[in-house]
Amino acid sequence: MEGPPPRRRRWLLPSLLGLAVVMSAALAVFWGDLVSTALDPKVPFQTYDPPTPPDYARSSSWYLRPHPASVLEADVFFVAPTTYDGGRNWNARLTARKANRQFEEVMAPNYVGPFVTVGRVFAPRYRQASLYSLTTLREDAREARQFAYGDVRDSFRWYIDQDNGGRPFILVGVEQGGTLALRLLAEEVARDPELKARMVAAYLIDTVAPAEAPPVAPCVEREQARCMAAWASVYADEFDAAKRLLDRALVWNVRGELVNLSPRPALCFNPILGAVTDQPAPARMHLGAANATGLEWGARPAFMARKVSARCQGGVLRVSRPASSALKPTGGWADRRKVPGFNLFYADLEADAKRRLAVWRRS
């Protein structure tokens, strides 16, 4: 059997190569949509059967609880960021192995780490809303996030009743955990004068919070306690990133529903300056970033100081892009939509929390 004529063979290879290039480009453009569709539970939340609830009397319902011999005088209540991608469930099972492993190897070292020398850490497991629910504005997705709040509220009440013992505490939430901690701050802390007096500070990291009528006073200076520090950041060289972030941001209303932030302004705390301000923070003031991913729990990471500058503009923290390869996002589509496996303000947050605890003691 004869092959194609020589002239046709000459054009066949370039044509196939061109087709491959076009297909690769199309796949790159639509890859996110394909992955997102695969993570859709494809069942209405109203008819969804959620996973088994946690029992906070059991140690298995906590990522972290302190050693009984801890001598630290304060506590840290930490609400974890998203680690569950999605798929069959709107909300994660407490036993989801990949999600739990990501907390232990990535989130805890980088985001709990700055606070372990400040207070005893309590970090509850909760049936977090999936990453998919954070990529869509569907009503189902909002309900999944509202559902997750119930676990966080119950764990905080258990901690206050059983473990706190009247101690000062710091509230920390990251990304999804920051949004849930913001509602916790408004409904559980701000309404209770005794709890509000014992709160050293609230750090809502990678979290959009309304600047109007915050539940407690914003942290406007370093020498201040009983205040909240909230910010969401983008790289300064990403032209439209800040607008996209605020356009899609959801915040709580007084009925406990998630609604669009826009057109209200967002609160922006600059962790380098330790204040809600639009003043620039040059890199020479930056105390240190860290990539603690994979480090043994409790190991202190090496700090990379003077790596980034930051400034609040339009309610968003615009951060210079660090040159270090250790401070660049890695992983697949899902990993790049979670908080990164490094903390640009690790040393800054550690110093800020210690300072506010000292201020709280004096007051």
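Buried here means under 20% relative accessible area, with exposed kept for residues over 50%. That cut-off is worth having in hand for what follows, which concerns a predicted model.

By this yardstick, 51% of the 363 residues of the protein count as buried. The chain folds into eight helices and 13 strands. Among contacts in the protein with a separation of 6 or more, 78% come from residues 24 or more positions apart. As for the outside, about 17,400 Å² is exposed, and carbon and sulfur atoms supply 54% of that area.

Helix 7, residues 241-248, makes a handy case. A241, A242 and L246 are buried in this helix. Looking down the axis of helix 7, the buried residues fall within an arc of 125°, so they line one face of the helix. A bit of helix geometry helps here: with 3.6 residues a turn in an α-helix, residues three or four places apart point the same way. On the other side of helix 7 sit K243 and R244, both exposed. The cover over the buried residues of helix 7 includes strand 7 (233-235) and strand 13 (316-319).

Now for the charged side chains. In general, side chains of opposite charge can pair when their charged atoms come close. The structure holds 22 salt bridges. In one of them, R127 meets D151 at 2.9 Å, N to O. R127 belongs to the loop between strand 3 (119-124) and helix 3 (131-134), while D151 is part of helix 4 (residues 139-164), so this pair ties together parts that are 24 residues apart in sequence. Neither end is out in the open, as R127 and D151 are both buried.

Another salt bridge joins D140 and R138, whose closest N and O atoms are 3.1 Å apart. Here the two partners fall into separate classes: D140 has a relative accessible area of 13% and is therefore buried, whereas R138, at 30%, counts as partly exposed.

E350 and R300 also pair up through their side chains, with 2.6 Å from N to O. This salt bridge links distant parts of the chain, since E350 lies in helix 8 (residues 346-362) and R300 in the loop between strand 11 (275-276) and strand 12 (310-313), 50 residues apart. E350 is buried, its relative accessible area being 6%. Elsewhere, D85, K98, D335 and K338 are joined into one network by salt bridges that share partners.

Conventions
Residues are numbered from 1 along each chain as its sequence is written. This is a predicted model: local features need pLDDT of at least 70, side-chain atom pairs count only at pLDDT 80 or more; totals for chains, interfaces and linings use all residues. Side-chain values use heavy atoms; hydrogens and water are left out. Helices (H or I, at least four residues) and strands (E, at least two) are DSSP runs, numbered from the N terminus. Buried means under 20% relative accessible area, exposed over 50%, partly exposed in between (1.4 Å probe, protein chains only). Contact means heavy atoms within 4.5 Å. Accessible areas come from the Shrake-Rupley method with a 1.4 Å probe; for residues, only the protein chains shown count as cover. The arc is that of the directions from the helix axis to the C-beta atoms. A salt bridge is a side-chain nitrogen of Lys or Arg within 4 Å of a carboxyl oxygen of Asp or Glu.
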